[in-house]
Amino acid sequence: MTARSAAPALRTRSRWRAHALSCLVGAAVLSAVLSAPALAANCPGTYDGRGRVAGLEPGGDLRLADGIVLRLAGLSLAGASGEPALRAALEEIALERDIEFATAGKDRYGRLVGIVRLSGHAATLQDELLARGIAAARPEKDVLGCMPAWLDRERPARDAKLGIWTELPLDARDIAAIRAREGRFTIVAGRVRSVGNGRRVDYLNFGPVWRQDMTGRLEKPARIALEAHGTTLAELAGRHVAMRGTVLEAGGPAFDIVWAEQIEWSGAATGTRQAGER
């Protein structure tokens, strides 16, 4: 083949290579999009509220000079004994200071719920309290989109066992400690021993006897949300999982998992089985 006659073939092969590379890149991008966490909502970021913190209410709510009570969205002491530290930190950071807040609605008690920062500052009170280990991130309907950043913010304090993390997370095998926090939001961690499938509800079982051991309960919307975050319920079997929720009694202690943001998982699956119907 002459150089002249080879040129079209080379150009054709080049076009096919470029096309193949384009397809591979496109597939990689699609895979990344499909496997990336799908946020259920945006994180509120319009700080159009203004006020001055005149006092602190029990539980760390801010009482503004105009009488409004403002709850810090997405935070909880998670049942740990950290309220004195929370109050001290808020007195230091926010008391008698002007603030801006992005509103995330009102709660059932009529309190305004918001993401709060000092006027002229970029970091929020949520950021500061999480970084100090004074509070844990709590998934809530209108701030689910904030959870990835808040989990990153709390992780160093959690890893270093600062503040409330000296008590948390509770070991999923410590049934007495979990039951002691019934009716309260907390964090429980352990290896998922099996996954159970019921008619309406699926289960993450942390022990061999689901009627007495710790369980996470997921109805269909939660399963769909979990899959949108890149995993299936079955894939959690054998993994180390941390769950955030309100402790309820269901034979053994349990969480109702409403949002995928209530679950964190890590590690490879080990020594597990798929449970049958319950």
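## Strands β9 and β13

Let's start with a strand pair: β9 (residues 185–191) and β13 (residues 240–246) run antiparallel and are joined by seven bridges. One of the residues involved is R191, whose bridge partner in β13 is H240. Keep in mind throughout that this is a predicted model.

The β9 and β13 strands belong to an open sheet of four strands, and the order across that sheet is β8-β9-β13-β16. Its pairing is mixed. At the edges sit β8 (170–171) and β16 (263–266), each of which pairs on one side only. As a reminder, strands of a sheet pair through backbone hydrogen bonds, either parallel or antiparallel.

## The chain as a whole

Stepping back, the protein chain has six helices and 17 strands. It runs to 278 residues, and 43% of them count as buried. The exposed surface comes to about 14400 Å², with carbon and sulfur atoms supplying 54% of it.

What share of the contacts with a separation of 6 or more comes from residues 24 or more positions apart? For this chain, the figure is 65%.

## β1, β5 and β6

Another set of strands pairs up earlier in the chain numbering, with β5 (residues 98–106) taking part in two pairings. With β1, strand β5 pairs in the antiparallel sense over four bridges. Here G51 stands opposite I99 in β5.

With β6 (residues 112–118), strand β5 shares six bridges, and these two strands also run antiparallel. F101 has V116 in β6 as its bridge partner. β5 and β6 form a hairpin, with five residues between the two strands. If you look in the turn, you'll find G110 with a positive phi of about 85°.

## The disulfide

There is one disulfide in the structure. It joins C43 to C146, with an S to S distance of 1.9 Å. The torsion about the S-S bond is about 95°, so this disulfide is right-handed. The two cysteines come from distant parts of the chain, 103 residues apart. C43 is in the loop between α1 (3–35) and β1 (49–56), while C146 is in the loop between β7 (136–137) and α4 (147–159).

How do the two ends compare, buried or partly exposed? C43 counts as partly exposed because its relative accessibility is 37%. C146, at 1% relative accessibility, counts as buried.

## Salt bridges around E154

A search of the whole structure turns up 23 salt bridges. In general, side chains of opposite charge can pair when their charged atoms come close. A good place to look is E154, which forms a salt bridge with R244, the closest N and O atoms being 2.3 Å apart. R244 lies in strand β13 and E154 in helix α4, so this pair ties together parts that are 90 residues apart in sequence. Both R244 and E154 are buried.

E154 also meets the side chain of R158 in a salt bridge, at 3.6 Å from N to O. That one is local: E154 and R158 both lie in helix α4, four residues apart, about one turn of the helix. Relative accessibility is 1% for E154 and 18% for R158, so E154 counts as buried and R158 does too. Zooming out a bit, a network of salt bridges links D152, E154, R155, R158, R244 and E264.

## R132 and E92

Another salt bridge is formed by R132 and E92, whose closest N and O atoms are 3.1 Å apart. This pair also links distant parts of the chain, with the two positions 40 residues apart in numbering: R132 is in the loop between α3 and β7, and E92 is in helix α2 (residues 83–93). R132 is partly exposed, with a relative accessible area of 29%. E92 counts as exposed because its relative accessibility is 54%.

## A buried charge on its own

D127 is found in helix α3 (residues 125–131). Which side chain of opposite charge is nearest to D127, and how far away is it? That would be R153, at 4.3 Å. D127 is buried yet has no salt bridge, since the cut-off for one is a nitrogen to oxygen distance within 4 Å.

Leaving aside neighbours within four places in sequence, D127 is in contact with W150 and R153. So R153 does touch D127, even though the two have no salt bridge.

Technical notes. Residues numbered from 1 in each chain as written. Predicted model: local features only at pLDDT ≥ 70, side-chain atom pairs only at ≥ 80, totals over all residues. Heavy atoms only, no water. Buried < 20%, exposed > 50% of the residue type's maximum accessible area, 1.4 Å probe, protein only. Lys, Arg positive; Asp, Glu negative; His and termini not counted. Contact = heavy atoms within 4.5 Å. Disulfide = S-S within 2.5 Å. Areas by Shrake-Rupley, 256 points an atom, 1.4 Å probe, with all protein chains shown as cover. Pairing = 2+ DSSP bridges.
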